[in-house]
Amino acid sequence: MKMTIRNVNEKEFLKVYKFVSHCKPLENYAEHLYKIILRYFNDTCFIVEQESEIIGFLMGFISQVHESTYFLWQIGISNSMQGKGIGGDLLEHAENKLSERGCKRIEVTIDPKNISSSKLFERMGYINISYKKEKMVKVNGNIAVKDYYSPGKHFMLYEKYL
Ligand SMILES: CC(C)(COP(=O)(O)OP(=O)(O)OC[C@H]1O[C@@H](n2cnc3c(N)ncnc32)[C@H](O)[C@@H]1OP(=O)(O)O)[C@@H](O)C(=O)NCCC(=O)NCCS
């Protein structure tokens with residue numbers, strides 16, 4: 001079945017919010033956060049559709065502080081479509097669009113317990129740079145930044161130069 005990848009706009013924020021709630025283990029933030037992100041950063045947020053249904057999404061924004069850097073905030077593929085390489089197609093699409101906009105670097109944080117996610121990003125050429133931060137911790141054999149998001153919430157920091 002044909003898949004299309006396109007930008008997602010502000011009016012679709014509830015559709016995206018609902019999709020995320022079925023996309024475990026992603027955290028589902030409040031509806032209004034999806035509205036805000038899609039209102040102000042929709043040119044760097046994408047969905048994958050099949051027969052008008054969302055089957056994947058990727059959201060993030062270009063930093064105003066870290067030059068030419070895009071922070072990839074969330075990516076998710078519907079449970080039944082995971083493991084088929086769609087995440088890689090979506091990521092490649094986003095990277096091409098970001099490169100056209102002059103972005104030179106992508107940053108993403110990954111939960112060290114999320115094996116599918118780290119496999120995807122490593123296969124796509126992302127490097128774990130957690131060791132560059134002051135406080136490091138080993139989780140599941142991976143280097144993560146200690147307390148990155150809050151005490152005890154250690155995350156791995158990855159980057160890719162485009
Ligand atoms: C992480 C995610 C975006 C990857 O997208 P994807 O389209 O499934 O990516 P891939 O098909 O390339 O799979 C990546 C790897 O994870 C494995 N994988 C993906 N889904 C899996 C599942 N449900 N069960 C077991 N393994 C799975 C694949 O086999 C593959 O491993 P391999 O490289 O050894 O073959 C997707 O699995 C997902 O949406 N997960 C839930 C949400 C999430 O964790 N998002 C990331 C937060 S940073």
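1. Let's start with the domains. In this predicted model, the protein chain splits into domain 1 (1-62 + 74-103) and domain 2 (104-162). Domain 1 is written as two stretches, 1-62 and 74-103, so do keep both in view when you colour the chain by domain. The centres of the two domains, taken over C-alpha atoms, are 21 Å apart.

2. Next, how the domains touch. Domain 1 contributes nine residues to the contact, and domain 2 contributes nine residues as well. On the domain 1 side, the residues that touch domain 2 sort into four nonpolar, four polar and one charged.

3. Now to the ligand. Where does the ligand shell lie with respect to the domains? Domain 1 (1-62 + 74-103) and domain 2 (104-162) both supply residues to the shell, so it sits between them. The shell has 20 residues, and those that come nearest to the ligand are Gln-82, Gly-83, Gly-87, Ser-116 and Lys-119.

4. Which elements build that shell? Two or more residues each are given by β4 (69-77), α3 (86-100) and α4 (115-123). Helix α4 provides the largest share, with five residues. Sorted by class, the residues around the ligand are eight nonpolar, nine polar and three charged.

5. The pair α1 and α2 is also worth a look. Helix α1 covers residues 13-21 and helix α2 covers residues 31-40; they pack at about 125°, and their axes are 9 Å apart. An angle of this kind makes α1 oblique to α2. The crossing in which α1 passes α2 is right-handed.

6. Which residues make the contact between these helices? From α1 come Phe-13, Leu-14, Val-16 and Tyr-17, while α2 brings Glu-31, Tyr-34, Lys-35 and Leu-38. Taken by class, this contact has six nonpolar residues, two charged ones and no polar ones.

7. Please have a look at the backbone between those two helices too. Pro-25 is located in the loop between α1 and α2. The peptide bond that joins Lys-24 and Pro-25 is cis, with omega at about 5°.

8. One last backbone detail concerns Asn-140. Although Asn-140 is not a glycine, its phi is positive, at about 50°. Where is Asn-140 found? Asn-140 belongs to the loop between β7 (136-139) and β8 (142-150).

Definitions and conventions: Residues numbered from 1 in each chain as written. Predicted model: local features only at pLDDT ≥ 70, side-chain atom pairs only at ≥ 80, totals over all residues. Near = placed C-beta within 6 Å. Helix = DSSP H or I, 4+ residues; strand = E, 2+ residues; numbered from the N terminus. Nonpolar A, V, L, I, M, F, W, Y, C, P; charged D, E, K, R; others polar. Axes fitted to C-alpha atoms, helices over the stretch in contact; angles between N-to-C directions. Parallel < 35°, antiparallel > 145°, perpendicular 65-115°, else oblique. Left-handed = near helix turned anticlockwise from the far one by under 90°. Contact = placed C-beta atoms within 7 Å.
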